[in-house]
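Colleague: I am new to this model and should like a close look at its charged side chains. Please explain how they pair, where the pairs sit, and what surrounds them.

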Amino acid sequence: MMIRFPDVFEGKAHIDAKSTTVNRCILSMGSAIQGMVSRNPKLQVRMDASTHDMWYLNHQDKNLRDSMMTPATKQAYEIYCQNREHNPRLMALLFNDSTYVKEQVDEVWLNYYLLKSALIQQNTRMGNFIDFLDLFSYEDIHQFWQKENAWWYFMYGPSLLNGGKQPFTQRYLLRRIIEEADSCLQLRKPGVQLRFGHETILLPLTCLLELNHFGYQTYDLEELEEHGWWACLVFPMASNLQFIFYRESPSDRDVLVKVLLNEEETTLPIKSEIAPYYKWRDVRQYYLDKIENYEKSNLCRVQ
């Protein structure tokens, strides 16, 4: 960010950083700020990680959470996984007695957790001694990814299997982003607002924003891969979402915004002749209307 947008971070630029109260997020915030200050010691930094911000930084919507795994969702996911969870090749590689495997081994459990351990192993130094990934073929890993991707889709994405509303868990965060942007744009020099949180927040927020193809809705989990709905594209390590604002002067009322997902320009579900740049007034109105329509329909349904 500092290399791409040097004028935002020049001199005594103000940095307002907030994190959820989870230690790993606080540490990420501290490391990021330390890196920024090392590049510009003049930065004016304020950091906070308090419970009073958790209502929007890590909002947990009980009604939506309870509707994640519906009977229809569970059935569809089980059908989707049926041909992707058994691995007879691996069992034959590990055991020389097929009868023993049939009677004593939970094949699905062993295949899943051994592969999961192999993937996690890449974050350790154990790979210097033994590499569990050597036990698996490309297709084994691909099928594992397909199951994980489908799980993220109906748990945090816009899956129609459970109503397509899960991304609205982040409506408070999105409204807060809009309000803080409006407030900062009144300043002569807006500075930088940084928020540090979790992939379980970033993914539904990305879907709520309908960035690129992440607003894609379907009942059919088989369609996800070909339509590019890949959760791994949203939350690699150090994943980030950036709203970059452009204006000619503090009095400019025709502010533009560009949204970056992991440093890459995105498309928004809003008409623009200069995409990936969009008029902020159009963007804010689209999302405020979207949130309001959801809250109105949800209130009517509860009544």
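Modeller: A salt bridge is taken here to be a side-chain nitrogen of Lys or Arg lying within 4 Å of a carboxyl oxygen of Asp or Glu. The model is a predicted one, in which local features need pLDDT of at least 70, side-chain atom pairs count only at pLDDT 80 or more, and totals for chains, interfaces and linings use all residues. Residues are numbered from 1 along each chain as its sequence is written, and side-chain values use heavy atoms, with hydrogens and water left out.

A brief outline of the whole will help to place the details. The protein has eleven helices and seven strands; these are DSSP runs numbered from the N terminus, with H or I over at least four residues for a helix and E over at least two for a strand. Its C-alpha trace spans about 75 × 55 × 40 Å along the principal axes. Of the 303 residues, 41% are buried, where buried means under 20% relative accessible area, exposed means over 50%, and partly exposed lies in between (1.4 Å probe, protein chains only).

Side chains of opposite charge can pair when their charged atoms come close. In this protein the count comes to 17 salt bridges. One of them joins Asp16 to Arg195, with N to O at 3.0 Å. Asp16 belongs to strand β1 (residues 14-19) and Arg195 to strand β3 (residues 192-196), so that this bridge links distant parts of the chain, 179 residues apart. The two partners may be compared by their cover: Asp16, at 3% relative accessibility, is buried, whereas Arg195, at 26%, is partly exposed. Both also take part in a network of salt bridges that links Asp16, Lys18, Arg46, Arg176, Glu180 and Arg195.

A second bridge connects Arg89 and Asp140, whose closest N and O atoms are 2.5 Å apart. Because Arg89 lies in helix α5 (residues 88-94) and Asp140 in helix α8, the pair ties together parts that are 51 residues apart in sequence. Here again the acidic partner is buried, Asp140 having a relative accessible area of 13%, while Arg89 is partly exposed at 39%.

Helix α8 (138-156) has a further role in the packing, since it is among the elements that cover the buried residues of helix α4. In α4 (residues 71-81), the residues Thr73, Ala76, Tyr77, Tyr80 and Cys81 are buried. Seen down the axis of α4, these fall within an arc of 130°, so they line one face of the helix; the arc is that of the directions from the helix axis to the C-beta atoms. The face turned away from that buried side carries Pro71 and Gln75, both exposed.

A third bridge lies within a single helix. Glu292 and Lys296 pair with their closest N and O atoms 3.3 Å apart. Being four residues apart in helix α11 (residues 280-302), they are separated by about one helical turn. Glu292 is partly exposed at 37%, and Lys296 is partly exposed at 49%.

Helix α11 also holds Lys290, a residue that counts as buried with a relative accessible area of 18%. Apart from neighbours within four places in sequence, Lys290 is in contact (heavy atoms within 4.5 Å) with Phe168, Cys207, Leu208 and Glu210.

One charged side chain stands without a partner of this kind. Asp252, in the loop between β4 (241-246) and β5 (256-261), is buried yet has no salt bridge, and the nearest side chain of opposite charge, that of Arg253, is 6.9 Å away. For this purpose Lys and Arg count as positive and Asp and Glu as negative, with His and the chain ends not counted. The side chain of Asp252 does, however, reach the backbone nitrogen of Glu248 at 2.9 Å.

One further acidic residue deserves mention for its backbone. Glu263 lies in the loop between β5 and β6 and is partly exposed, at 34% relative accessible area. Its phi is near 75°, a positive value in a residue other than glycine. Most residues other than glycine have a negative phi.

Conventions
A polar contact is a pair of N or O atoms within 3.5 Å; within protein, one must be able to donate a hydrogen and the other to accept it, and residues adjacent in sequence count only if both atoms are side-chain atoms.
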